[in-house]
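Student: I should like a close look at a single part of this model, namely the surroundings of the ligand. Please set out what is found there and then place it in the context of the chain.

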Amino acid sequence: MVTLSPELKARLSQPLKIGHVEVNSRVLQSPLSGVTDLVFRRLVRRYAPESMMYTEMVNATGLHYVKQLPIIMEVDPNERPISIQLFDCRPDFLAEAAQKAVAEGADTVDINMGCPVNKITKNGGGSSLLRQPELAAEIVRSVVEAVEVPVTVKTRIGWTEKEINILDFARRMEDAGAKMITVHGRTRAQGYNGSAKWEWIAKVKEVLSIPVIGNGDIFSVESAVRCLELTGADGIMCSRGTLGYPFLVGEIDHFLKTGEEKPPLTPVERLECAREHLQMLWEYKGDRGVRQARKHMTWYSKGFMGAADLRGQLSVIENVHQGLDLIDTAITRLNQSGWQVEAEPELVAL
Ligand SMILES: Cc1cc2nc3c(=O)[nH]c(=O)nc-3n(C[C@H](O)[C@H](O)[C@H](O)COP(=O)(O)O)c2cc1C
C-alpha cells in the first residue's frame with residue numbers, strides 16, 4: 001500500500017502554475033506520437049479531467065508549407081488544459097507554428113527537445129537541440145515573442161552518458177523565457193532503455209525557479225510518489241504507462257488529491273475501454289483509425305488467460321466490426337468464466 005505523506009500532500013496542494021496558466025493537477029499526460037490524438041485524450045480526461053494533456057508532436061516546417069492544419073493538431077474546444085507540442089530547429093518556423101497552435105486553442109505551446117528518433121535529430125530537431133543549447137535558447141526566445149501563452153520545453157538529461165548537460169541547458173531555457181520544463185531522466189543514447197535517472201531531475205529542480213516536471217518510468221501510483229519524493233519535482237508526466245491504460249493519470253491524480261488508491265481495473269473493464277477506443281477511432285478517422293487502433297487494442301489485452309491469442313487477432317483486424325466482435329467475445333468469455341491471471345505475463349512490444 002502506498003501512503004501519501006502530509007509533506008507531499010501539502011507541497012502539491014496548490015495549482016501548478018505554468019506562467020499565467022493554473023492547472024489543478026500535478027499529473028500530466030505526455031505527448032506520444034501516434035497515440036495522444038483527440039480520441040485518446042478524451043479517454044484520459046474522463047478519469048483526469050483537470051490534467052494537462054499534449055498533442056502528438058507537430059512538425060513546424062511541415063506546417064509552414066501546408067494550408068490545412070494536420071489532424072494531429074486538432075483540439076476539441078472543450079478540452080482544457082491542452083498543450084500543442086511542436087518540433088523543429090528553425091526559430092522562425094517554430095514561432096509561426098506556435099501562432100497557429102494558439103489559434104487552434106492551445107493553452108501552452110511545448111517545444112520538443114527530447115525526441116531521440118534519427119529522422120528528427122538528423123534534421124536538427126528533438127534531442128539534437130541538447131547539443132545546440134544556443135540555438136535551443138534562440139528557439140524559446142523566438143516562440144515566447146510570438147505568442148502570449150506560456151512556452152514550455154520537454155527534454156532529456158543529455159545526448160550521451162558522457163554529455164549530460166541538463167543543468168546548464170535547463171537554466172538557459174528558463175533564462176530564454178520557458179515557463180516550465182519537463183525532464184525525461186534518460187539520455188538520447190539510452191532511447192527508452194535502462195532506467196530513468198531521477199536524480200538529475202532533482203538537480204534540475206534545485207537550480208530552477210520555474211516548475212520542473214519529472215518524466216520517465218512512471219507506471220503506477222507507487223512510482224509516481226517515489227519520483228515526486230525523490231526529485232522534489234512540481235509534477236510528474238506519465239507516458240508508456242498509459243499505453244492501453246488511459247486510467248493511469250487519473251489514478252495518480254486521485255491519489256495525490258485524496259491519499260486513496262483506486263482499485264485496479266479488471267480485464268473486462270479494460271476491454272470495455274478498448275471497445276470504446278476502437279469505436280471512437282473509427283468514427284473519427286475511418287479505416288485509418290481502425291489500422292491505428294490495432295496497436296492500442298493489443299496494449300489493452302494483457303493480464304488474463306487467452307490475452308496472447310486475443311492480441312494476435314486484434315493486431316490484424318481489417319475493419320471495425322471484426323475488432324468489436326473479437327472484444328465482445330472475449331468480454332463474454334471473461335464474464336462467464338471469471339478471469340484468471342496469465343501464467344507468464346508477457347511483455348508487449350511497443
Ligand atoms: C510511442 C511513443 C511516442 C512518443 N512520442 C513523443 C512525442 O511526440 N513527444 C515527446 O516529447 N515525447 C514523446 N515520447 C516520449 C515520452 O513522452 C516520454 O518522454 C518517454 O516515453 C519517457 O517516459 P516513460 O519512461 O514513462 O515512457 C514518446 C514515447 C513513446 C514510447
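Tutor: In this predicted model, a polar side-chain atom of Gln85 is placed 2.8 Å from a nitrogen atom of the ligand. Two further side chains approach oxygen atoms of the ligand: an N or O atom of Lys154 lies 2.8 Å from one such oxygen, and for Arg240 the corresponding separation is 2.6 Å. Taken on its own, the ligand has 610 Å² of accessible area, of which the protein covers 91%. The ligand is surrounded by 17 residues, and those that come nearest are Ser33, Gln85, Lys154, Asn215 and Arg240.

As for the chain, its domain assignment gives domain 1, spanning 6-258, and domain 2, spanning 267-337. Over C-alpha atoms, the centres of domain 1 and domain 2 are 29 Å apart. To their contact, domain 1 contributes 16 residues and domain 2 contributes 14 residues.

The two domains bury about 1,400 Å² between them, with 67% of that area on carbon and sulfur atoms. Of the area that domain 1 buries against domain 2, 33% comes from Val39, Ile71 and Gly244, more than from any other three residues.

Polar interactions also join the domains. Two salt bridges are found across the interface of domain 1 and domain 2, and four residue pairs are in polar contact between them. The side of domain 1 that touches domain 2 comprises ten nonpolar, two polar and four charged residues. Arg46 and Glu276 form a salt bridge, in which the closest N and O atoms are 2.6 Å apart.

Terms used. Residues numbered from 1 in each chain as written. Predicted model: local features only at pLDDT ≥ 70, side-chain atom pairs only at ≥ 80, totals over all residues. Heavy atoms only, no water. Domains from an automatic or database assignment. Contact = heavy atoms within 4.5 Å. Buried area = accessible area lost by both parts, 1.4 Å probe. Salt bridge = Lys/Arg side-chain N within 4 Å of Asp/Glu carboxyl O. Polar contact = N/O pair within 3.5 Å; in protein donor to acceptor, adjacent residues only side chain to side chain. Nonpolar A, V, L, I, M, F, W, Y, C, P; charged D, E, K, R; others polar. Near = heavy atom within 4 Å. Areas by Shrake-Rupley, 256 points an atom, 1.4 Å probe, with all protein chains shown as cover.
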